[in-house]
Amino acid sequence: MVAPSIQTDAERFRAQLLLRDRRLLTEMIARYQPVMVSVEAQIVDLSNLIARRAATGVAQTPGSVVRIGQFRAMLAQLRTQLAGYADSVEGLITATQRTNVDRALTEAKTLVSGQLPGGLLVADLERLGVQWATVDARAMQQFVGTMRDGSSLHTYLSRQVVPGTLARVTDTLTSGLLSNPRVTARRLRADVLGGQAQALRIARTETLRAYREASRTQWAANPRMVRGYRRREALDDRTCVGCWYMDGTLYSTDTAMDEHVQGRGYLVPELVNPRELGLPLDPEPLPTPGRERFRALPNARQRAIIGNDRMFSAWKGGRISEAGLVGRAMDPTWGASTHANSARKALAGDHLPQLPDLDEFYDPLGG
């Protein structure tokens, strides 16, 4: 079993992190309501116009719809509203990033103390001459307002939320749905809400990444105490099978965790052997890794977590290895990621080559 102190601290810090995440997302959703209100009447008017034309026998073509005055007005208003929303939520996201960076730098030290054996604390090691180097929070501001690839958060929000939403709305009105005004209106509402969903994905991904990266940087500054970190996952029914199998993976502090978009994974420091510090103590035991816990689950729960009957049957039948359950990707914005694989890719051999050896450092780019 894992040391009670580190388990308690890690779970408490993670709960607080996710609470900040929920508060951020709730406020972002509230700020999106005026966008929906501003276009709702126009969606209704436009769908009614389409219905009236259909009732009078007027042919509906993509060209005729995109020339409707209400449609052009709706797009213009939506563009303005979305741009204002992107400006507004950028401040919310960066404020949460700053909080997460500050908290991570403090909590990183607490997690190290909680994992030291024999009831020792970092302060005790400092008295023995092993000093704790504190990273200046100002040096971590690179994580605030920027994406993983270093691009501007505001630029990404504006590029994804505004043009992407407008493109979806335009596509709906030129995709052959015009014969059914109710379906058209429902799709339009979903298209506009898609902008909100994209903004929420960006917010969650980047604020949680800021916390992880600040933790990793703080541990990297203390190689005499910390040799790496372990990836930990919630291991509940909301955790994808890829994350179940990556739980417990050991990374160097020089390596960013290959988390997927909106992932909820967190980091726990892996300390150097106490005997390397001159302490006649053994390291605290590690928790059971996710892959072992997944193997022990009942079939019904395994199937539910995998979420794909074809994948489950192929895995149980030996046509897909355990490594085949884990997909991997490289994105220019999000970087390397691991995730639940699809049955099609797994059966075609497109998956993680092999499960990481939990006793060796894992390289997301090389492994």
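**Exercise 1. How many cavities of 30 Å³ or more does the count come to, and what lines the largest one?**

*Step 1.* The tally is three cavities of 30 Å³ or more. A cavity here is a set of points, on a 1 Å grid over the protein atoms alone, where a 1.4 Å probe fits but cannot get out. Lining residues have an atom within 4 Å of a point. Volume means the space filled by probe spheres set on the points, with grid points joined across faces, edges and corners. Before going on, note that this is a predicted model, where local features need pLDDT of at least 70, side-chain atom pairs count only at pLDDT 80 or more, and totals for chains, interfaces and linings use all residues. Residues are numbered from 1 along each chain as its sequence is written, and side-chain values use heavy atoms, with hydrogens and water left out.

*Step 2.* The largest cavity holds about 100 Å³ of space. Its lining includes Phe 13, Arg 14, Leu 111, Arg 212, Ser 215, Trp 219 and Tyr 266.

*Step 3.* Now for the elements: helix 1 (4-55), helix 6 (181-220) and strand 3 (266-271) each give at least two residues to that lining. Helices (H or I, at least four residues) and strands (E, at least two) are DSSP runs, numbered from the N terminus.

*Step 4.* Sort the lining of the largest cavity by class and you get eight nonpolar, one polar and two charged residues. The classes: Ala, Val, Leu, Ile, Met, Phe, Trp, Tyr, Cys and Pro are nonpolar, Asp, Glu, Lys and Arg are charged, and the others, Gly among them, are polar.

**Exercise 2. Work out what the lining of the second largest cavity is made of, then do the second largest pocket.**

*Step 1.* The second largest cavity comes in at about 50 Å³. Among its lining residues are Arg 148, Glu 206, Arg 209, Arg 212, Glu 259 and Trp 334.

*Step 2.* By class, that lining splits into two nonpolar, two polar and five charged residues.

*Step 3.* On to the second largest pocket, with a volume of about 210 Å³. It has 13 lining residues, and Glu 270, Leu 271, Val 272, Pro 283 and Glu 284 are the closest to its centre. A pocket is an open set of points with protein on both sides within 12 Å along at least five of seven lines.

*Step 4.* The pocket lining divides into eight nonpolar, two polar and three charged residues.

**Exercise 3. Which residues have the most contacts inside the largest nonpolar core?**

*Step 1.* They are Trp 219 and Phe 294, in a core of 55 residues. Helix 3 (residues 69-115) gives this core its largest share, six residues. A nonpolar core is a set of buried Ala, Val, Leu, Ile, Met, Phe, Trp, Tyr and Cys residues joined through side-chain atoms within 4.5 Å.

*Step 2.* There's a second, separate core of 37 residues, with Leu 46, Leu 157, Leu 166 and Trp 334 among its members.

*Step 3.* Back to Trp 219: leaving aside neighbours within four places in sequence, its contacts (heavy atoms within 4.5 Å) include Leu 111, Trp 132, Tyr 229, Leu 267 and Pro 269. Trp 219 also lines the largest cavity, as do Leu 111 and Leu 267.

**Exercise 4. Are Gln 198 and Glu 213 buried or exposed, and what do their side chains touch?**

*Step 1.* Both sit in helix 6. Gln 198 counts as buried because its relative accessibility is 15%, and Glu 213 does too, at 10%. The cut-offs are under 20% relative accessible area for buried, over 50% for exposed, and partly exposed in between (1.4 Å probe, protein chains only).

*Step 2.* The Gln 198 side chain makes a polar contact of 2.5 Å with the side chain of Arg 201. For Glu 213, the side-chain partner is Arg 216, at 2.6 Å. A polar contact is a pair of N or O atoms within 3.5 Å; within protein, one must be able to donate a hydrogen and the other to accept it, and residues adjacent in sequence count only if both atoms are side-chain atoms.

*Step 3.* Beyond four places in sequence, Gln 198 is in contact with Tyr 156 and Gln 160, while Glu 213 is in contact with Met 140, Phe 143 and Ala 256.

**Exercise 5. Where do Leu 78 and Ala 73 lie, and how accessible is each?**

*Step 1.* Both belong to helix 3. Leu 78 is buried at 1% relative accessibility, whereas Ala 73 is partly exposed at 39%.

*Step 2.* Leaving out neighbours within four places in sequence, Leu 78 is in contact with residues including Val 35, Leu 166 and Val 192. Its C-alpha lies 7.8 Å from that of Ser 38, 40 residues away along the chain.
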